[in-house]
Amino acid sequence: MNDKCEMVNQRLGRSFFERDTKAVARDLLGKFLVRKIGKNNLAGRIVETEAYVGPHDLACHASKGKTSRTKVMFGSAGGWYVYMIYGMYHCLNIVTESKNYPAAVLIRALEITDAFDRLGTRDFRLASGPGKLCRTLKIDKKLNCASAVAKNAKLYIEDRGIKIPQSKIVKAKRIGVDYAGKWKNKPLRFYIKGNKFVSKA
DNA sequence: CAAGAGATCATCT
DNA sequence: GATGATCTCTTGA
C-alpha cells in the first residue's frame, strides 16, 4: 500500500441501517455524511452519534406513540428523520431497524472534510453539534422522510474505508434527555476519543 | 472559565 | 398552554 491506494467510496445501503440501533450508532463513527447542494457537495466525517433505541426508550420521541411527527421512525431503515427543536435548530436522525419498529440514530457532530474552504471559514465548531451541523449542511424539514438509500438522495452516508478501532470509541450518556427517567443515564452516546469536533456538552 | 438566560416555534395536551 | 435530542450571548468571579 502506498499513499495513492484506491479510495473506495461505498454508499451505505439499507442493510447497514436495518440492524441493532446501538450497533448502527457505533458503526457510523468514521463514516462520511454527504450533502449534495446543486452541483456541489459538502461532506464531513461523523464523529459523534446517539442511539434512540425504540418505543420503550423514554428519550425516544416514538415512546409517545405513532404521530405525524414520529411516523417516519416507524418506516423503513435508511429514512431521514429531521425535526425542529427549540424553535430554531434542526436535528438529523437516520431511521434504523425493521419496518414498524421505531428507532433512530441522532447524528450529533461532524468533522467537515469536503469543500471546507467554500464555507469561508475553517472553524472546527462548524458542525460540532446537532443544530450546527444541520445549519452548515443546509438540512431542514424539507429532508424529513427522504431516504438516504434512494438512488437520487441529496443526503446520504458513505464508507471511505476508515475503520475506527473499538479503543478509540467512547460511550457516554446522552445529552439533554434529563426528563427520560431511568433512560437518561444509559450509555447510548458514542464519540471518537479526543476528537475536537465532538460537541462540547 | 462557569453559570444563566433568552431566542422562538412545532408538537402534543 | 407547556416544553424541548440546542446554541449563543452576557454576566461575574
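## Exercises: Asn195 and DNA strand B

In this predicted model, the backbone nitrogen of Phe197 lies 2.8 Å from a polar atom of the Asn195 side chain.

**Exercise 1.** Place Asn195 in the fold, then decide: is Asn195 buried or exposed?

*Solution.*
- Step 1: find the segment. Asn195 comes after strand E9, which spans 189–192.
- Step 2: check the accessible area. Asn195 has a relative accessible area of 14%. Buried means under 20%, so Asn195 is buried.
- Step 3: list the contacts. Leaving out residues up to four places away in sequence, Asn195 touches Arg45, Val47 and Glu111.

**Exercise 2.** Identify the residues that surround DNA strand B and sort them by class.

*Solution.*
- Step 1: name them. Thr67, Ser68, Arg69, Tyr86, Gly87, Met88 and Lys141 surround DNA strand B.
- Step 2: see which part of the strand they meet. Of the atoms of DNA strand B within 4 Å of the protein, 68% belong to sugar and phosphate.
- Step 3: sort the residues. The surface near DNA strand B has two nonpolar, three polar and two charged residues. Tyr counts as nonpolar and Gly as polar.

**Exercise 3.** Which atoms of DNA strand B pair with polar atoms of Thr67, Lys141 and Tyr86?

*Solution.*
- Step 1: take the phosphate. A polar side-chain atom of Thr67 is 2.3 Å from a phosphate oxygen of DNA strand B.
- Step 2: turn to Lys141. A polar atom of the Lys141 side chain sits 2.6 Å from a phosphate oxygen of DNA strand B.
- Step 3: take the base. A polar backbone atom of Tyr86 lies 2.7 Å from a base oxygen of DNA strand B.

How values were computed:
Residues are numbered from 1 along each chain as its sequence is written. Chains are lettered from A and ligands numbered from 1 in the order in which they are written. This is a predicted model: local features need pLDDT of at least 70, side-chain atom pairs count only at pLDDT 80 or more; totals for chains, interfaces and linings use all residues. Side-chain values use heavy atoms; hydrogens and water are left out. Helices (H or I, at least four residues) and strands (E, at least two) are DSSP runs, numbered from the N terminus. Buried means under 20% relative accessible area, exposed over 50%, partly exposed in between (1.4 Å probe, protein chains only). A polar contact is a pair of N or O atoms within 3.5 Å; within protein, one must be able to donate a hydrogen and the other to accept it, and residues adjacent in sequence count only if both atoms are side-chain atoms. Contact means heavy atoms within 4.5 Å. A residue is near a molecule or strand if one of its heavy atoms lies within 4 Å of it.
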